[in-house]
Amino acid sequence: MDAETLRSAALASKAWPYEEARKLLKRWAANGIPGAKPANEPMIFETGYGPSGLPHIGTFNEVLRTTFVRHAYEELTGNPTRLIAFSDDMDGLRKVPDNVPNQDLLAANLGKPLTEIPDPFGTHESFAHHNNAMLRHFLDRFGFDYEFLSATDCYTSGRFDGVIRKVLTGWDAIMGVMLPTLGEDRRKTYSPVLPISPTSGRVLQVPVTVIDAQAGLIAFDDEDGSRVQQSAFGGAAKLQWKVDWAARWVALGVDYEMSGKDLIDSVVQSGKIARILGGRPPEGFNYEMFLDEKGEKISKSKGNGLSLEEWLRYGSEPSLSFYIYREPKRAKSLHIGVIPRAVDEYWQFRGNYPNQPIEQQLGNPVHHIHNGKVPASTLPVTYGLLLNLASLPGVADKGTAWKFVQRYAPGTSPEGDPELDELIGLAVNYARDFVAPTLSRRAPTGAEAEALSDLDSELANLPIEADAEVIQHAVFEVGKRHPFESLRGWFQALYETLLGSSQGPRMGSFIALYGIDNSRRLIADALASSPAFAGEGDHPKDGGGAGAA
C-alpha cells in the first residue's frame with residue numbers, strides 16, 4: 001500500500017496505537033503541518049528502567065507497546081522519532097534482590113547509587129553497569145531501535161544541572177504539589193532533592209535547605225549529624241523520583257511515555273511538577289497490569305506469573321507480542337495456560353491479513369507486531385493440533401512429530417520452513433511438560449463403544465491418503481447415527497476416550513495428521529478398555545504405535 005493511502009486509513013483507524021499517535025498530532029501542530037515538531041525535530045518516546053533487577057517480561061511489555069505507538073506515529077506522519085531507554089541507575093539500592101550472588105556485598109552497600117555498588121557478578125564496573133548491559137542485550141535481542149541513557153551520566157555530566165536549578169527555584173511550588181500526597185511522618189523528611197552523603201556515599205532521604213538556587217547550593221544534615229553545604233549539581237545530588245521523572249521529561253523533551261495503572265497518581269503529580277519546571281508533560285496512557293492464575297498482580301519479588309524465558313520456551317516471540325498488543329487497558333492473566341491460544345490466534349490473524357481491506361489490516365494486531373511488513377507464509381497445522389499429536393505416546397520428540405507433519409503436509413522440512421520447525425519444537429516442549437502428565441483416557445460406555453466401532457469401520461473404508469475434510473465428514477456422520485444428545489457429546493467422547501482430555505482438536509484434522517492406521521489403533525485401545533467390547537478381538541490391535549508414521 002502507498003504511504004498516502006496508509007496515512008489516510010490510519011487517521012481514521014480505531015486501533016489503539018493510532019489513537020495514541022493521534023494525541024501527538026494534536027500536541028504539535030506547527031505551521032499547519034499536523035504532527036510536526038518545530039524544525040521537524042524528532043518525536044521523542046521514552047521508557048524507564050530500574051536497574052536494581054534484571055530485565056523481565058514487564059520491561060519487554062512497556063518497550064514493545066511504546067514501539068507500537070512510535071511506528072503508528074511514523075505511519076501517520078512520515079516524521080522522525082527517537083526512543084530513549086532510560087536507566088534510573090543513580091537510585092539508591094533499597095533492598096538486596098534475591099536472584100543475585102554475593103548478597104552480603106550488596107547488603108553492605110545499601111543506600112548507595114547503583115553505579116557505586118560493586119558488581120556481585122564480578123563482570124562489570126558496578127551493579128548498575130552489569131544490569132544496564134543486560135538491559136541493552138535484552139533490547140538488542142528483540143531488535144528494538146532505541147538510544148540508551150544513564151541517569152548517572154546525565155547527572156554527573158551536568159546535563160541535568162539546568163533542570164535541577166529549576167527545581168531549586170520552584171521549590172515551594174513543588175512542595176505544594178507533593179506534601180498533600182504524603183503521610184505526616186514522610187512530610188517531615190521529604191525533599192525534592194536527595195543529596196549524596198560526602199562521607200558514606202549514600203543517597204540521603206533528609207530535609208534539605210536551598211541556600212542559593214542559581215548556584216545550586218543546598219544544606220542538609222549528614223548521617224553523622226554534621227551540617228553540610230554542597231552543590232546539587234554535577235552528580236552531588238539526585239532528584240526524588242516523581243520530581244526526577246518530571247525533570248527528565250523536561251530536560252530530554254519527552255513527548256510520549258506510558259506506564260502501568262499503579263502509577264496513575266504519580267503521572268498526575270509529575271505532570272504538575274513538569275509544568276512548574278516550565279515544561280509540558282508527555283502524552284501517554286496507563287496500561288493495566290498482568291495477573292497470575294489466581295488473579296493476583298504479577299510481582300517480581302513474589303515470583304508469581306510468567307517469565308519471558310518461560311513464554312519463549314513454549315510460545316513464539318510474535319505470539320507474545322500478539323498477546324501484549326491486545327486490550328492493553330484490560331487486566332489480563334499471564335500464565336502458562338494462555339500460551340496455546342495466543343499462538344494459534346496469532347497465526348489466525350496473520351492468515352487473515354492479506355485478504356483484509358486496509359481498514360481491517362490496520363486494526364489487525366499483526367500489522368503492528370510486524371511494523372506493517374507481515375510475512376505472507378502460513379502453517380499447515382495449528383499449535384493446538386501439534387499439542388494433541390505431541391501428547392500421544394511415542395511422539396514426545398521433535399523428530400518424530402516432524403515425520404507426521406511431513407506426511408500430512410508433503411514438501412515441508414525443518415530447513416525450508418523455520419517457523420513451522422520452531423512451532424513443532426515449542427509444542428513438543430509444552431505437551432511434554434504440561435499436557436501429557438495430565439491426560440487420563442477413560443473407557444467408553446457401551447453406546448460410545450458402538451459409535452467408536454462404527455467410526456473404525458468408516459476409517460477402514462477410507463483411502464489412506466484421505467484429507468481432513470473427508471475424514472471430518474465421516475466423523476460427523478457416525479455421530480449422527482448414534483444416540484448422542486448432541487454432536488458435542490460425540491466429540492467430547494472422542495476426546496476423553498482417545499486423547500484423555502475433555503477438549504481437543506478438529507478430529508478430521510487430527511486423524512489426517514496422526515494417520516488413519518494410527519488413529520484406528522487408538523480406537524482399538526479404547527475399545528479394549530470397554531467392558532462391552534472386552535475380549536472380542538476383532539479390532540486392529542496389531543501394535544506399531546506412533547512409529548507407524
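1. A pocket, as the word is used here, is an open set of points on a 1 Å grid with protein on both sides within 12 Å along at least five of seven lines. With that in hand, please keep in mind that this is a predicted model. The second largest pocket has a volume of about 470 Å³. It is lined by 19 residues, and the closest to its centre are Asn388, Ser501, Gln503, Gly504 and Pro505.

2. Here is how the wall of that pocket is put together. Helices H17 (383-390), H19 (418-435) and H22 (487-499) are the elements that give two or more residues to the lining of the second largest pocket. Which of them gives the largest share? That is H17, with 4 residues. Sorted by class, the lining of this pocket holds 8 nonpolar, 10 polar and 1 charged residues.

3. H17 deserves a second look for its own surroundings. This helix is mostly covered, with 7 of its 8 residues buried. The buried ones are Tyr383, Leu385, Leu386, Leu387, Asn388, Leu389 and Ala390. Asn388 thus appears twice in this note: it is buried in H17, and it is among the residues closest to the centre of the second largest pocket. The cover over the buried residues of H17 includes helix H12 (308-314), helix H14 (339-352), helix H18 (398-408), H19, H22 and H23. Of these, H19 and H22 also give two or more residues to the pocket lining.

4. A step back to the overall picture may help. The protein has 549 residues, of which 52% are buried. Its secondary structure comes to 24 helices and 14 strands. The C-alpha trace spans about 100 × 60 × 45 Å along its principal axes. Among contacts with a separation of 6 or more, 65% are between residues 24 or more positions apart.

5. Next, the pair H20 and H21. Two packed helices are described by the angle between their axes and the distance between the axes. For H20 (residues 446-460) and H21 (residues 468-481), the angle is about 145° and the axes are 10 Å apart. The crossing of H20 past H21 is right-handed. On the H20 side, the contact is made by Ala451, Asp454, Leu455, Glu458 and Leu459, and on the H21 side by Ile471, Val475, Val478 and Arg481. These contact residues divide into 6 nonpolar, no polar and 3 charged.

6. H20 also leads to the closed spaces inside the model. There are 2 cavities of 30 Å³ or more, and the largest has a volume of about 40 Å³. Its lining consists of Leu455, Leu459, Leu498, Met507, Phe510, Ile511, Ser519, Leu522 and Ile523. The elements giving two or more residues to this lining are H20, helix H23 (507-514) and helix H24 (516-528). By class, the lining has 8 nonpolar, 1 polar and no charged residues. Do note Leu455 and Leu459, which line the largest cavity and also take part in the contact of H20 with H21.

7. How much space lies in the second largest cavity? About 40 Å³. The residues around it are Tyr18, Phe68, His71, Ala72, Glu75, His367, His368, Asn371 and Gly372. Helix H3 (57-77) and helix H16 (365-369) are the elements with two or more residues in this lining, and H3 gives the most, with 4 residues. The class counts for this cavity are 3 nonpolar, 5 polar and 1 charged, whereas the lining of the largest cavity has no charged residues.

8. H13 (residues 317-325) is another mostly covered helix, with 7 of its 9 residues buried. Those are Ser319, Leu320, Ser321, Phe322, Tyr323, Ile324 and Tyr325. You may want to look just past its end too: H13 is followed by Glu327, whose phi is positive, near 45°.

9. Finally, a residue in H5 (residues 127-141): Met134. Is Met134 buried or partly exposed? Met134 is partly exposed because its relative accessible area is 30%, and partly exposed covers the range between the 20% limit for buried and the 50% limit for exposed. Leaving aside residues up to four places away in sequence, Met134 touches Leu54 and Pro55. The C-alpha atoms of Met134 and Asp153, which are 19 residues apart along the chain, are separated by 18 Å.

Key:
Residues are numbered from 1 along each chain as its sequence is written. This is a predicted model: local features need pLDDT of at least 70, side-chain atom pairs count only at pLDDT 80 or more; totals for chains, interfaces and linings use all residues. Side-chain values use heavy atoms; hydrogens and water are left out. Axes are lines fitted to C-alpha atoms, for helices over the stretch in contact, and angles run from 0 to 180 degrees between N-to-C directions. A crossing is left-handed if the near helix is turned anticlockwise from the far one by less than a right angle, and right-handed if clockwise. Contact means heavy atoms within 4.5 Å. Ala, Val, Leu, Ile, Met, Phe, Trp, Tyr, Cys and Pro count as nonpolar, Asp, Glu, Lys and Arg as charged, and the others, Gly among them, as polar. On a 1 Å grid over the protein atoms alone, a cavity is a set of points where a 1.4 Å probe fits but cannot get out, and a pocket is an open set with protein on both sides within 12 Å along at least five of seven lines; lining residues have an atom within 4 Å of a point. Grid points are joined across faces, edges and corners, and a volume is the space filled by probe spheres set on the points. Buried means under 20% relative accessible area, exposed over 50%, partly exposed in between (1.4 Å probe, protein chains only).
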